[in-house]
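I opened the model to look up a handful of local features. These are my notes, in the order I made them.

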Amino acid sequence: MNYIGEHLFPGQLGHFLLLLSFVSSLVASVAYFKATVARADDEKNSWKRLARIAFIADAVCVAAVFAIIYYLISSHYFEYYYVWNHSDRSLNTGYLLSSIWEGQEGSFLLWAFWHGVLGIILIFKAKKWEAPVMTVVSLMQFCLATMILGLYVFDIKIGSNPFLLTREVFQDAPLFNDPDYLSNARMMDGNGLNQLLQNYWMVIHPPVLFLGFASTIVPFAYAVAGLWRKNYGGWTKAALPWALFSAAILGLGIMMGARWAYESLNFGGYWAWDPVENASLVPWLIIVAGLHTQVVYNATGHSLRPTYFFYILGFILILYSTYLTRSGDLQDTSVHAFTDLGMNWQLRLFVLFFTIPALALFLARYKHIPFIAKEEETYSREFWMFIGSLVLFLSGLFIIIFTSLPVINKLFNTNFTVGSEVEFFYNRIQIFVAIVLGVLTAVTQYLKYKNTNKKNFAKKIALPLIISLLISGAISLFGGIEYRAFGPGFLAAIHLAIFASVFTFAANAGYVWSGLSGKLKAAGGSVAHVGFGMMMVGILVSSSKKEVLSVNYLNPLNFGSENKEKGTENMTLFKGIRTDMGKYWATYVKDSVDAFDKTTYFHVRMEKKDGKGDFVLTPDLIRNTKGQEGLSQNPDAKHYWYKDIFSYISYAEVMNPEKDTAQFRRHTMKPGDTAFYSGGYMVLDRVTPNPSNDRYQFTPQDTAIMAELSITSSDGRNFRATPAFYVKNNQVHYNMDTIHSQGLAIGLSQVVDNQHVGVVVKESSRLTPFIALKVLQFPFINLIWAGVILMIIGFIMSIVRRAKAIKPERS
């Protein structure tokens, strides 16, 4: 069948480039291997030239494929399944890019793209280490190429092809029996980008995170090269800037993800110990541990074996986190996980392909790795840096074991869980990790390598210690930190952690001036540690002092026992009605819808009661994509330098768009009679003919009556209602009265007799638009983001310094 309107050439070209990338990466791997084992210089150089050509060709192919996929998505060629499944016409340029890495194929491609960039840099910078290091990098590129190959070998699927046509995926769909299927309304738009990914952080967070993932192979490759070539310590100085870069960029990517979670998810925070968050955090912890032991080795000759172990393990954990994220094992426990594409066997082989040879080589060469038999002095910098690295390793081990429970349960048919309080499960351990690391980070800088004079050490550390005790004591005493949700023991740990964090900040800031005499070029480590301390203070204070501003005991909604939301933590706001919210007046002003009818914005004016400023919050609800019903919440926040006011919609009528089916109930009443409703009762006070007041202006010649009712709610509040009816031009007209906060519509329907009238009452939540809004206050949350920026600055300073210190080598 000849289909009409399909654009097949870009997809055919893209798939050809994928195949070429696969072949090129294989050739580069073999050629670099041959260059590594070659003894003659001529043979070595010949293989290296071929390897370089092949690797650069591979990198160019990957970049070209990336460009083709973006072209297909931006052109809305929905005949391609990847385009149809991950995008639609409403997306702007940034979100069109995000559509690429929403799917597994695109994220593998992004990973391969960064590998290509890093590999080209290594070709020009690795010198004598180029061949063995690039052998490892090329092998990784080869494995990534298999993930997007999309071929079948004896009915075994290898990779997933991003250039499949929609009609090839849904071969049995009747729609594709029509040659002109693209003109069908169902193919005029795509399935859309996941609503949670439609945030600007998702445009920049994944590229940075995948650059971090890609960068971990460099210290790993150097470590493998050292073991392979039996040049056990010769690689460490060349690899140190790369390890610093990896720790910096991976850490930045993780924290960008935390910022995305804070701005896009409604759990009211930035870190929830989500399994996918954990899976990316653990490799970072291990890389940082290896970074510190590598610095120790370069300075003293100690800790080379742990450095090998940490760099190998860090990269293996990146591969393992890839398996966790993409296998589908976490799709029921994480908002970040991909669904299963039927590639689990390939993902497992991917992990094992690097894990088994690397660990086998490490164990085989372990006894030959140089080490100093004499143990480090207790008052030496290297001893406590090693202890700190060990603490990071144990912290990561704890996290990854319990993050892997879904896999463990699957393998052994068990049902282990971390309980309902997931955050506390991890926090109860990690807070003590923070205390230990905080103190070690503060103290260790003041120690010297080999050994330290105890008196001099005590003198130098005394001032930062005193300052830290005073500052942290003031925070604890006057900061209002009374987080008692998990008992006094955990609260005491929070106060200890605040001291340790302040101590980190003060001691490292002091070391820049006292220990380094203000030499900023050498202060990269101290600056990064200052940032770490600042970040930890922000985490501890913003989390322990997080406050619910939308406390509501007056008219809370019932969200049900199964729902995490609590009615008493959500303010019910009726449209146009100014409502008391503690220190603020809150008014639900209006709602608006975007041009594509996908997102509903709710405009809530917040006015401070002291008159010192007001602002508007615009949390929104975005329509779910991928065929899912319902809407997802997108929070909004007002940012101050010292706090954030964070909000999201817990309920709005648009979330439950059913018609109002409530019926009027008729009561026959005379003055003094009482009628009951679900939330209280009402008394008919009097009936007035032809009333003239602020609401009605009838004359004695008119035919009109008005009922006056006193309404008392079950919580003791009093209201007035004055419904009326009148006759004009032989037509009966009814004027209803509405008590919005009670959901009551009250009308006067007829005169029954000389004493009785008919009063009709309707109870409905839909009489007036309203929302349930949750508002939180995070004090000093910006210390977290400022601390992250400072950490990255410190890493960059260290990278520049270490790179300049490398002596030129022959290639």
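The entries below cover cysteines, strands, one helix and a few single residues.

**Entry 1. Cysteines**

I noted first that this is a predicted model. I then asked how many disulfides a search of the whole structure finds. The count is 0. I wanted to know why Cys 61 has no bond to Cys 143. Cys 143 holds the closest cysteine sulfur to that of Cys 61, but the separation is 18 Å, too far for a bond. A disulfide needs the two sulfur atoms within 2.5 Å. Looking from the other end, I found Cys 143 in no disulfide, with the sulfur of Cys 61 as its nearest cysteine sulfur. I also checked burial. Cys 61 counts as buried at 5% relative accessibility, and Cys 143 is buried with a relative accessible area of 8%. The cut-off for buried is under 20%.

**Entry 2. Strand E23**

I looked up how many residues of strand E23 are buried. For residues 770-779 the answer is 10 of 10, so the strand is largely enclosed by the rest of the structure. I then listed the two faces. One side carries Phe 770, Ala 772, Lys 774, Leu 776 and Phe 778, all buried. The other side carries Ile 771, Leu 773, Val 775, Gln 777 and Pro 779, also all buried.

Next I looked up the pairing of E23. Strand E12, residues 643-652, pairs with E23 in the antiparallel sense over 9 bridges. In that pairing I found Lys 643 opposite Pro 779. Strand E4, residues 571-574, is also antiparallel to E23, over 4 bridges, and Met 571 stands opposite Leu 773. Strand E3, residues 547-548, joins E23 through 2 bridges and runs antiparallel to it. There, Val 548 faces Leu 776.

**Entry 3. Just after E23**

I followed the chain to Phe 780, which is in the loop between E23 and helix H20 (782-805). Its phi is near 55 degrees, a positive value in a residue other than glycine. Is Phe 780 buried or partly exposed? Phe 780 is partly exposed, with a relative accessible area of 35%.

I set Trp 273 beside this entry. Trp 273 has a phi near 55 degrees, again positive in a residue other than glycine. It is in the loop between helix H10 (236-264) and helix H11 (275-300). Trp 273 counts as buried, at 10% relative accessibility.

**Entry 4. Ser 650 in E12**

I went back to E12 for Ser 650, which is found in that strand. Ser 650 is buried, with a relative accessible area of 7%. Which side chain does it contact? The side chain of Asn 570 makes a polar contact of 2.5 Å with that of Ser 650.

**Entry 5. A four-stranded sheet**

I looked up an open sheet of 4 strands, in the order E13-E22-E21-E20, with antiparallel pairing. The edge strands are E13 (665-669) and E20 (737-739), each paired on one side only. Neighbouring strands of the sheet are turned by 30 degrees against each other on average, direction ignored. Within it, E21 (residues 744-751) and E22 (residues 757-763) pair over 7 bridges in the antiparallel sense. I noted Gly 747 opposite Val 760 in E22.

I also checked Ala 721, whose place is in strand E17 (residues 718-721). Ala 721 counts as buried at 0% relative accessibility. Its C-alpha atom is separated by 6.0 Å from that of Asp 737, although the two are 16 residues apart along the chain.

**Entry 6. Helices H16 and H8**

For helix H16 (residues 422-444), I compared the expected span with the model. At 1.5 Å a residue, its 23 residues should span 33 Å, and the end C-alpha atoms are 33 Å apart, which agrees. I then asked where H16 bends. The bend is at Arg 428, by about 35 degrees.

In helix H8 (residues 201-215), I looked at Ser 215. Ser 215 counts as buried, at 0% relative accessibility. A polar atom of the Ser 215 side chain lies 2.7 Å from the backbone oxygen of Gly 212.

Key
Residues are numbered from 1 along each chain as its sequence is written. This is a predicted model: local features need pLDDT of at least 70, side-chain atom pairs count only at pLDDT 80 or more; totals for chains, interfaces and linings use all residues. Side-chain values use heavy atoms; hydrogens and water are left out. Buried means under 20% relative accessible area, exposed over 50%, partly exposed in between (1.4 Å probe, protein chains only). Two strands pair if DSSP finds at least two bridges between them. Axes are lines fitted to C-alpha atoms, for helices over the stretch in contact, and angles run from 0 to 180 degrees between N-to-C directions. The expected span of a helix is 1.5 Å times one less than its number of residues. The bend at a residue is the angle between axes fitted to the seven residues ending there and the seven starting there. A polar contact is a pair of N or O atoms within 3.5 Å; within protein, one must be able to donate a hydrogen and the other to accept it, and residues adjacent in sequence count only if both atoms are side-chain atoms.
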